[in-house]
Every structure is written in C-alpha cells, then in structure tokens.
Amino acid sequence: MGALPFSSVDELQDALGRERYLADRGLATAIYLAVSLHKPLLLEGEAGVGKTEVAKVLATVLGRELIRLQCYEGIDANQALYEWNYSRQLIAARAMEAERAEAHVADLFGPEYLVERPLLAAIRAGSKAVLLVDELDRADDEFEAFLLEILSEFAVSIPEIGRVVAEVPPAVVVTSNRTRELHDALKRRCLYHWIDHPGLEREVEIVRARAPEVSETLARDVAGAVARLRTLDIAKRPGVAETIDWANALAFLGADRLDGEMAAATLGAVLKDHEDQQLASANIADVVAAGETPDA
Amino acid sequence: MGFGRFLRRRGLPVGTGRILTFCRAVGALAPVTRDGLYWAGRASLIGRREDFEAFDRASDEYFRAGIRFPDIA
C-alpha cells in the first residue's frame, strides 16, 4: 500500500478540516477505513448533504486526481468504460486505399482510436486516482451489476487491445440519493455511511468555515432558519450548499441578523422550487422568529 | 466474531464477508477505542440506514453485557 498522508482518523479529520470540510467522527472513520482497506465507500443521504464533496476533498487530501462518473438514466457500459472514436476511424479508413484498408483494419482498433471514459481512466490511474461514481441510484440494475464487476476486479478486457488491470485499485466513493435501493451484492462490497443534514452547531461551523465574511450571529440565525425550513412539507429540502449561499447573500446585503422581511426577500437563495418558496413565505414568521437566540 | 453472530441473532443481515471486513477495520484502527469500534462496526456491518437503530440497540446491549472484544494488536 502506498503511504497515506494520514495515519489515524484524527489526522484525516484534521486534514479534511484544513480543506474546509468538517466531517463528523462517523464519516471520518468510514473514509479512513475505505482508503486503508481499499474498499469502496458508499455514501447515502439526501441531496445537498455533501456526499460528492467527500470525493473531491479526499482527492485533494490524498493529492490524487479526481475521476468522476456521473450516472444517469440509461447510462451503459460504453459510456462509462470506453468507446471507439468512430469518426476518426472512418476518416482513417477513407484515407487508406480500399484494398489496403482491409489489411489495416486491426490498426483502426489501436489505442489511438480508443476514447477513454471514467472507469477505464480510473483503472489505468489506479492508486493515483479517486474515482467518484455519482448518483448510482439513477442508473439501472444492469449498469449496477456491470459496475459491481468493475469494482470487484479493477480490470477490463478490451478484445482489440488486451487486458488492462489496476495494480492498486483507486480509492472509490459511490453516492446515492436513494431514489431506489441499491442491490445487496454491491452494498456488501462497500463500506457504508449515511450522511445526515448537520446539526445546528455543526452547520454554523460549516458556514463559518466556508463563508468567513458571515458573522457568527448571522450564521446561527441562518442555520436555525434552514433547519426549520427542512421540517416544512417542501419538495426539495435545502442542503448545506444552500445554507452557505443564503448566508452569503444576506451578508452581501449587509445583514447581521435574519428578520422576516430580509428572509422573505432572499428566499430564492435557499429554496429553488417556486411552491416551496410560497409555502415558506406563508410561514416566514415561524421560520425566522424561533431563530432568535434566547439571550437576544 | 461473537459480535457479528450477536447481530445476526437480532435479525440483522450480517454475512461472513461483512464480519471479515469488520475484523480488518478494527485492525486498521488499532489501537481502537469504544467509539472507533462503534463506527467501524456500523460502516462495515450495516448497509442500510434503517438498520442503524437495531445496530445501536444491539451494540449497547452487547457492551453492557460486559462481553469484551478480543484484544487486537
């Protein structure tokens, strides 16, 4: 195993903190173990809790390249692994004489015509990469089975070129928003962690770390208001990124406390759905009023 | 090992592979604290958020019963 830049969960937690990612003990332990044991880390949680960020900050901390595979409905193995560059092959074939082309077909399937997609890139990069498989729940069962195969072997056979094997597997982070349950077979291969919305104190800390120009008081008001927004019956609960955006917008407007008027005027920074905004506006007093700190 | 079987008796789907991973995890954390054991156990033995509660109850019970994890250097 290559030397890691941290030798304990504490050290990892500190290193993440220096990159302004505040991971709690559970998450830090899960990341530490995933990297130490060469196992993929499956992160589940609602949109906006910082799952994708984990892979990004881990790549920074490890000094590795981040390779991202964004999953979507209908993604297939070719789009994830490799494809042949057809137009380039076609041009090359045309450039050859008709009778010579036949003799050179093999050349058309050489490495220079291969288009590397994220999974092949990650296999080739091996221990120099962090592979992020983002939103796997959006892909279908078949793709999940294919991914499991890749994660089991970190090898791929390309008939025209040969077998590509990662000597050391890359660090892998898989995320799911849990629009569907992933299969047990895949889960068994991974370490698992569920990321919740942060508690009030942690969210205040995160805002302070990510938006230093926001005052402690304002950060506290905003984090409290967002926590209450999340309890409303809304379609898209705001994530940590929205809390930071909102606090930034308010600080930019010169606010140092959050009041109802200010909150209503800037709701767009924290809620992106029109109906959610209406619902929050109707309840703005509850969202903000309870936000006053007891000592105020 | 005993802990894995203990969880299984409580209906948690803990397979041998997961128990093996747990053992490796504890080894990677050494020296391991009670807190570390808990998080390592949850990350390696559990694969669904819904099972966290059962895991919490079971690990509480297990520790309260005074059953000690074997020392792992």
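How many bridges join strand 1 (residues 41-44) of chain A to strand 9 of chain A? There are four, and the two strands run parallel. One of the pairs is easy to find in the viewer: Leu41(A) has Leu191(A) as its bridge partner in strand 9 of chain A. Please keep in mind while you explore that this is a predicted model.

**The sheet and the helices across it**

Strands 1 and 9 belong to an open sheet of five strands in chain A, with the order 2-5-8-1-9 and parallel pairing. At the edges sit strand 2 (65-70) and strand 9 of chain A, each of which pairs on one side only. On average, neighbouring strands of this sheet are turned by 20° against each other, direction ignored.

Two helices that lie across strands of chain A are set out here.

| Helix of chain A | Strands it lies across | Angle |
|---|---|---|
| Helix 2 (25-37) | strand 1, strand 8 (171-176) and strand 9 | about 160° to strand 9 |
| Helix 8 (118-125) | strand 2 and strand 5 (129-134) | about 155° to strand 2 |

**Where chain A meets chain B**

Helix 2 of chain A turns up again at the contact between the chains. This contact takes 16 residues from chain A and 17 residues from chain B. On the chain A side, the elements giving two or more residues are helix 2, helix 10 (184-189) and strand 9 (191-194). Helix 2 of chain A gives the most, with seven residues. Sorted by class, the chain A side has seven nonpolar, four polar and five charged residues. Strand 9 of chain A, then, is both an edge strand of the sheet and a contributor to the side that touches chain B.

**A closer look at helix 13**

Helix 13 of chain A covers residues 240-252, which makes 13 residues. From its first C-alpha to its last it reaches 18 Å, close to the 18 Å expected at 1.5 Å a residue. Which of its residues are buried? They are Val240(A), Thr243(A), Ile244(A), Trp246(A), Ala247(A) and Leu250(A). Seen down the axis of helix 13 of chain A, these buried residues fall within an arc of 165°, so they line one face of the helix. The spacing fits a general rule: an α-helix has 3.6 residues a turn, so residues three or four places apart point the same way.

What do the buried residues of helix 13 of chain A pack against? Their partners are helix 11 (200-210), helix 12 (216-231) and helix 14 (260-266) of chain A. Just after helix 13 of chain A comes Gly254(A), with a positive phi of about 85°.

How values were computed: Residues are numbered from 1 along each chain as its sequence is written. Chains are lettered from A and ligands numbered from 1 in the order in which they are written. This is a predicted model: local features need pLDDT of at least 70, side-chain atom pairs count only at pLDDT 80 or more; totals for chains, interfaces and linings use all residues. The expected span of a helix is 1.5 Å times one less than its number of residues. A residue is buried if 20 or more other C-beta atoms lie within 10 Å of its own, exposed if 12 or fewer, and partly exposed in between; C-beta atoms are placed from the backbone. The arc is that of the directions from the helix axis to the C-beta atoms. Two residues are in contact if their C-beta atoms, placed from the backbone, lie within 7 Å. Ala, Val, Leu, Ile, Met, Phe, Trp, Tyr, Cys and Pro count as nonpolar, Asp, Glu, Lys and Arg as charged, and the others, Gly among them, as polar. Two strands pair if DSSP finds at least two bridges between them. Axes are lines fitted to C-alpha atoms, for helices over the stretch in contact, and angles run from 0 to 180 degrees between N-to-C directions.
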